[in-house]
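I am opening a page on this structure, and I want to note how its chains meet, how its strands are ordered and how a few of its helices lie.

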Number of protein chains: 2
Amino acid sequence: MTAKYAQLQAFVSEHSDKFVADLMDWLRIPSIGTDPAHDGDVRRSAEWLRDRFEALGCPVVEIWPTAGQPAVYAEWCSAPGAPTVLVYGHHDVQPVDPLDEWTSPPFDPVVVATEHGARLLGRGAIDDKGQVAFHLLGLAAHLAAVDLDGSTPVHPAVNLKFLIEGEEESGSPHFSELLRANSERLTCDVVLVSDTGMYARETPSICVGMRGLVNGEFELRTAQVDLHSGSFGGAVPNPAHVAARIIAGLHDESGRVRIPSFYEGVREPDASERELMAKLPFDEAEYLRTTTTKILVGEAGWSTLERTWVRPTAEINGILSGYAGTGHKTIVPSSALVKFSFRLVPGQEPPAIAAAFRKWLGEQVPTGVDVSLRFFGDGVRPCLTPLDHPVLQAVVRALTTVFDSEVLFTREGGSGPEADLAEILAVPVVFLGVGLPDDRIHAPNEKAEIPLLLKGAEAVALLWADLGGTS
Amino acid sequence: MTAKYAQLQAFVSEHSDKFVADLMDWLRIPSIGTDPAHDGDVRRSAEWLRDRFEALGCPVVEIWPTAGQPAVYAEWCSAPGAPTVLVYGHHDVQPVDPLDEWTSPPFDPVVVATEHGARLLGRGAIDDKGQVAFHLLGLAAHLAAVDLDGSTPVHPAVNLKFLIEGEEESGSPHFSELLRANSERLTCDVVLVSDTGMYARETPSICVGMRGLVNGEFELRTAQVDLHSGSFGGAVPNPAHVAARIIAGLHDESGRVRIPSFYEGVREPDASERELMAKLPFDEAEYLRTTTTKILVGEAGWSTLERTWVRPTAEINGILSGYAGTGHKTIVPSSALVKFSFRLVPGQEPPAIAAAFRKWLGEQVPTGVDVSLRFFGDGVRPCLTPLDHPVLQAVVRALTTVFDSEVLFTREGGSGPEADLAEILAVPVVFLGVGLPDDRIHAPNEKAEIPLLLKGAEAVALLWADLGGTS
């Protein structure tokens, strides 16, 4: 351990009680962004955070209103020539239902002792106030180290921008608008997202890829009205049968998507990446408990993690045809509506996948059946942090130091606002999160492991020094 | 033409004005059985009919209440040794929406002249008051002929029972109950249904078969909750895909149902029956206009009429899986609901078809997917009037006489209360109806061709004499 890291650890340790007390203050503000009754609380939450950035000496701190809930923006760009990092997080929290399953009130956080150290219980403890809070502590620790080095005036060794939104738990409905409206001010070299977790307590890891998305719906129509299945059944086309044949034809027997050119350009993980993924401990029984399914299925030749992380999919999200209410109606339906989504992986482009599907679908629909196809938006590009990206490498070094353990790579099967960040700001996204799979985000008794939050603070302090060349 | 038939024609002709005037009175009663606002009208309609049977001298006339609308029952069984015929019809009528498409008020019937003779316009003109009314006139004509023969007391040469229900347009919800409760009084040798039509104006025809029915629904379940298609898509089973594969596997490429033993026992029409069906003029363009479809499809090797009349089918009536509302929800659904119906033909028994489907379905559902299957009721047996049945032969003779034309045989693709009659009373059902395909039943401007109603009256008068051995 270097002397500098020892000093950093000491700083974080000395400030840990204050850190937890401050975070508990923040957690007491019930900033449920989806509930208009809490609009005032979301505002208060934003103000709380603004005050903390100001207290750290951050020269630019603003509350950014949106058509929904406000975001907090802080900027400290005093290191010409150093990289600029935009940190993303959110200060809104999930609703708390079912309330009676909480062992303590969701907005009256408590600290309990466990075999792994102190644990903080409360809504937002890890998702995402706890992880935003470790950035505040990490920045303070970094500034203390800069101060010890004797630099004046004291400022971060990198250029930092923080964008902490207030609508993530609502699906970030105004986020892309906000990014586009402020894209010049948000210019950066990389986005650091702290809103995720590690693979497991003993497995520090970094997410390095998210699947993209193309989704839409098509309607098959064979008649203007439903027809009596007695009078006409057997002689007229049935759109439910046609839809079924199309859907059944989406995959071959090995689970591969049969749309021509669907896999064209797909960047398959190389042997070393697959080896790294295979290193991640995978508990199938636990996974089945999570999915509430009895089996796992998918494309032959790939593991469950690979199937959800690095392989593209074609999935039917909904079907409605004919009569589906109580009892029966002996009709030949006149139409069938099918909702579908494709998850894309690096190498696949949404427009190309949309075009390939349109072509294939057109070929599947028999004469005499009308089809109308529409896509929902332009799709989301898959993203992949280049494994040799210097910021990713710096995050690996930071986490390796604080966890004293090999750091593995994971992926995410889908993407949220991260995709907007990557797409609109046109920079790589790197993840640094210290949540655990059992943190019960979105559920009663959400918790954060305080030692992990402190490691998060250490990691970002190391990261800023590393990227600023002052480590 | 025999002298007796000439006398009959003269009687019908002399009474035709009175017949039309009476029928118009009845049509002015808006007996819409499905609309509680018209309960009093349905009652009045039943009373009107009761009075007419009584005026004819019918010894037993009753109004039979049900949990819904009342039926009228009349009985004149004074011919020991002669067959007993139960005549079925209904006195309730369809609603009249859209009202603004009627060229004259639906319950203010009018007679208009056409190239084919006088036409009666009004709700119920043919479905079914007009056809019940021709039975009243036919019975009067028959009694006049009996009187001319000098028999005393004057009574029908056959034993007649009339059951004219009041809920046919509501799907006869209490009809089977009524039949079971009165099965002894309704004992008969044959049921004569007068609620259908002929194939075409120039093609007098008799329906000799109705397809049966087995229907139900099955639900496939793969998880307890819908799953995020990003996080889990590609690794968990999708019940919409499973449902699609099952439905796609229901038929082979030639349109045949692939359920083993489905066709076991099916009595195929012989060459002469197929020749008779092929004789029926079939206008594909007109059929497509009726179905509003662009194409006709079905089992290879059979004509459209055969596909709907003499071939069994497997039809999906509805599917619901996942999200089918507006916009999108990127989920892997947790369940899929599928509604199905099989139309059965002579030789197929509902319990055997249900069992064959249950077995086949069980084999299609992959491990890890839960399936629950339920059938709606016990199904409906297909029925077929034996072509050599003496009453059918008598109806053929009667229609051949009154139309002076070859009488062809048709079938119906489904069945309504007729199936209950055949099943519960355990007798053959024979059809005698004079509606035309363009009579616009259930639609605005319903009409009846008065010359055809008069031919209906002649036909039943001939039929009673024929069956009673007095022709």
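**Where the chains touch**

I looked up the contact between the chains first and found that 66 residues of chain B are in contact with 66 residues of chain A, where contact means that the C-beta atoms of two residues, placed from the backbone, lie within 7 Å. Strand 11 of chain B gives the largest share of the side of chain B that touches chain A, namely nine residues. Sorted by class, that side of chain B has 25 nonpolar, 31 polar and 10 charged residues; here Ala, Val, Leu, Ile, Met, Phe, Trp, Tyr, Cys and Pro count as nonpolar, Asp, Glu, Lys and Arg as charged, and the others, Gly among them, as polar.

I must keep in mind that this is a predicted model, in which local features need pLDDT of at least 70 and side-chain atom pairs count only at pLDDT 80 or more, while totals for chains, interfaces and linings use all residues. Residues are numbered from 1 along each chain as its sequence is written, and chains are lettered from A and ligands numbered from 1 in the order in which they are written.

**The sheet across both chains**

I then followed the strands and found an open sheet of eight, in the order 14(A)-9(A)-13(A)-11(A)-11(B)-13(B)-9(B)-14(B), with antiparallel pairing. Strands are DSSP runs of E with at least two residues, helices are runs of H or I with at least four, and both are numbered from the N terminus; two strands pair if DSSP finds at least two bridges between them. At the edges I noted strand 14 (370-375) of chain A and strand 14 (370-375) of chain B, each of which pairs on one side only.

Strand 11 (residues 313-322) of chain A is joined to strand 11 of chain B by five bridges, and the two run antiparallel. I checked single pairs as well: S321(A) has I319(B) as its bridge partner, and G322(A) stands opposite G318(B).

**Helices**

Helix 10 (residues 350-364) of chain A lies across strand 9, strand 13 and strand 14 of chain A, and runs at about 20° to strand 9 of chain A; axes are lines fitted to C-alpha atoms, for helices over the stretch in contact, and angles run from 0 to 180 degrees between N-to-C directions.

In chain B I looked at helix 4, where 17 of the 21 residues are buried, that is, have 20 or more other C-beta atoms, placed from the backbone, within 10 Å of their own. Helix 4 of chain B is followed by G150(B), whose phi is positive, near 90°.

Terms used
A residue is buried if 20 or more other C-beta atoms lie within 10 Å of its own, exposed if 12 or fewer, and partly exposed in between; C-beta atoms are placed from the backbone.
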